[in-house]
Amino acid sequence: MLEKTLVILKPGTLQRGLVGEIVQRFERKGLRLAGMKMMQLTDELLNEHYAHLSGKPFFQQLKDAMRVAPVIVCCFEGVDAAHVAHAMAGATNGRQAAPGTIRGDYSMSHQKNIVHTSDSPETAAVELKRFFKPGEIFEYKQATFDYLYASDEY
Ligand code: ADP
């Protein structure tokens with residue numbers, strides 16, 4: 001099913017000058033960029049976004065690391081986009097992530113792992129609302145659409 005998902009380029013990705021390279025990987029895969037903005041995350045937003053990790057010893061460190069510089073939030077659309085983008089990110093720990101995945105190719109860290117990607121279409125719907133306002137996600141026909149998918153795939 002054609003769906004949208006959230007990708008966050010974490011502060012280290014900006015600091016290391018990897019924004020273009022990482023966005024390009026999703027573009028090359030065939031995902032349509034439907035929204036993109038730079039933002040400074042707040043403690044409030046991070047408490048919500050990482051609520052499932054609030055009991056972990058690294059929770060504060062993770063939140064601090066997500067606030068040291070701005071992030072770039074992206075909305076990508078495609079068939080099974082959440083699964084596709086999450087698989088492209090790879091395992092959480094960059095040292096264990098398979099080569100060929102984003103974390104496997106660009107990260108040496110369990111925490112400073114380049115990107116956040118929603119882990120399911122349901123999570124993506126909730127997370128996109130968290131980071132994008134109405135009007136910040138754009139609907140337009142992807143010029144390459146008919147060459148990316150067979151007609152029975154969407
Ligand atoms: P993912 O981002 O792969 O979906 P989680 O939702 O479990 O993984 O964790 C969110 C983020 O918290 C990770 O991307 C990573 O930055 C950080 N994190 C998770 N587990 C650890 C850990 N054991 N040590 C340090 N940081 C962690």
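Helices (H or I, at least four residues) and strands (E, at least two) are taken as DSSP runs and numbered from the N terminus. The structure is a predicted model, in which local features need pLDDT of at least 70 and side-chain atom pairs count only at pLDDT 80 or more, while totals for chains, interfaces and linings use all residues. Residues are numbered from 1 along each chain as its sequence is written, and side-chain values use heavy atoms, with hydrogens and water left out.

Pockets were sought on a 1 Å grid over the protein atoms alone, a pocket being an open set of points where a 1.4 Å probe fits, with protein on both sides within 12 Å along at least five of seven lines, and its lining residues having an atom within 4 Å of a point. The largest pocket is lined by 22 residues, of which Tyr 50, His 52, Leu 53, Thr 92 and Arg 103 lie nearest its centre. Strand S4 (115-117) and helix H7 (121-131) each supply at least two residues of this lining, and the largest share, four residues, comes from H7.

The ligand sits in the largest pocket, a statement that requires more than half of its atoms to lie within 2 Å of the grid points of the pocket. Polar contacts (pairs of N or O atoms within 3.5 Å) are found at three side chains: a polar atom of Lys 10 lies 3.0 Å from an oxygen atom of the ligand, an N or O atom of His 52 is likewise 3.0 Å from a ligand oxygen, and for Asn 113 the corresponding distance is 2.9 Å.

Technical notes
Polar contact = N/O pair within 3.5 Å; in protein donor to acceptor, adjacent residues only side chain to side chain.
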